[in-house]
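Trainee: I have a protein open on my screen and I would like to learn how to read it. Could you go through it with me?

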Amino acid sequence: MTEFDNHTGPCGLCVAVKEEYRVVQTLELACAFVPFEPLQEGHLLVLPKRHTLLEGLTGDELLELRDLIVQLKVRLMDLYTDAPPYLY
């Protein structure tokens, strides 16, 4: 049994991804979006498109998540040039 087996109702993360104005970037296996209540400007969530636990991610999903995070880091560094480096 996984933590998703007991889930009832719509997935809040899936709902957020369907709200296109929240989506920052999407790839085949992963997506990034602005959360409902960002902790600060530039706060993004990066998730696989498939419901799974961390240990259930495939190699392709892990690589795409990593690639998406690197792409977003570059974009954020370009946007927030005066931000301290520990934010990246």
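Mentor: We will go through the overall layout, then the sheet, then a helix and two loop residues.

Mentor: Before that, please note that this is a predicted model, in which local features need pLDDT of at least 70 and side-chain atom pairs count only at pLDDT 80 or more, while totals for chains, interfaces and linings use all residues. Residues are numbered from 1 along each chain as its sequence is written, and side-chain values use heavy atoms, with hydrogens and water left out.

Trainee: Okay, how many helices and strands are there in the protein?

Mentor: The protein has two helices and three strands, and along the sequence they follow the pattern α-β-β-β-α. Helices here are DSSP runs of H or I with at least four residues, and strands are runs of E with at least two, numbered from the N terminus.

Trainee: And what share of the residues counts as buried?

Mentor: Of the 88 residues, 19% count as buried, where buried means under 20% relative accessible area, exposed means over 50%, and partly exposed lies in between (1.4 Å probe, protein chains only).

Trainee: Now the sheet: in what order do the strands lie?

Mentor: The order is S1-S2-S3 in an open sheet with antiparallel pairing, and two strands are said to pair if DSSP finds at least two bridges between them. The edge strands are S1 (23-26) and S3 (45-48), each of which pairs on one side only.

Trainee: How many bridges hold S2 to S3, then?

Mentor: Four bridges join S2, residues 30-33, to S3, whereas three join S1 to S2. S1 and S2 also form a hairpin with three residues between them.

Trainee: Which residues stand opposite each other?

Mentor: Alanine 32 in S2 is a good one to click on, as glutamine 25 stands opposite alanine 32, and alanine 32 also stands opposite valine 46 in S3. In addition, threonine 26 stands opposite cysteine 31, and the bridge partner of phenylalanine 33 in S3 is leucine 45.

Trainee: Which way do the residues of S2 point?

Mentor: Ala30 and Ala32 point one way from S2, while Cys31 and Phe33 point the other way, and all of them are buried. In a regular strand the side chains alternate between the two faces of the sheet.

Trainee: Switching topic, which residues of H2 are buried?

Mentor: In H2 (residues 59-79), the buried residues are Glu61, Glu64, Leu65, Leu68, Leu72 and Leu76. They lie on the same side of H2 because they cover an arc of only 105 degrees around the axis, the arc being that of the directions from the helix axis to the C-beta atoms.

Trainee: What covers them?

Mentor: The cover of the buried residues of H2 includes S1, S2 and S3.

Trainee: And the loops, is leucine 57 buried or exposed?

Mentor: Leucine 57, which sits in the loop between S3 and H2, is buried, with a relative accessible area of 13%. Not counting residues up to four places away in sequence, leucine 57 touches Pro48, Arg50, Thr52, Leu62 and Leu65, where contact means heavy atoms within 4.5 Å.

Trainee: Where is arginine 22 found?

Mentor: Arginine 22 is in the loop between H1 (12-18) and S1, and arginine 22 is buried, with a relative accessible area of 11%. Leaving aside neighbours within four places in sequence, the contacts of arginine 22 include Ala16, Ala32 and Phe36.

How values were computed. Expected span 1.5 Å × (residues − 1).
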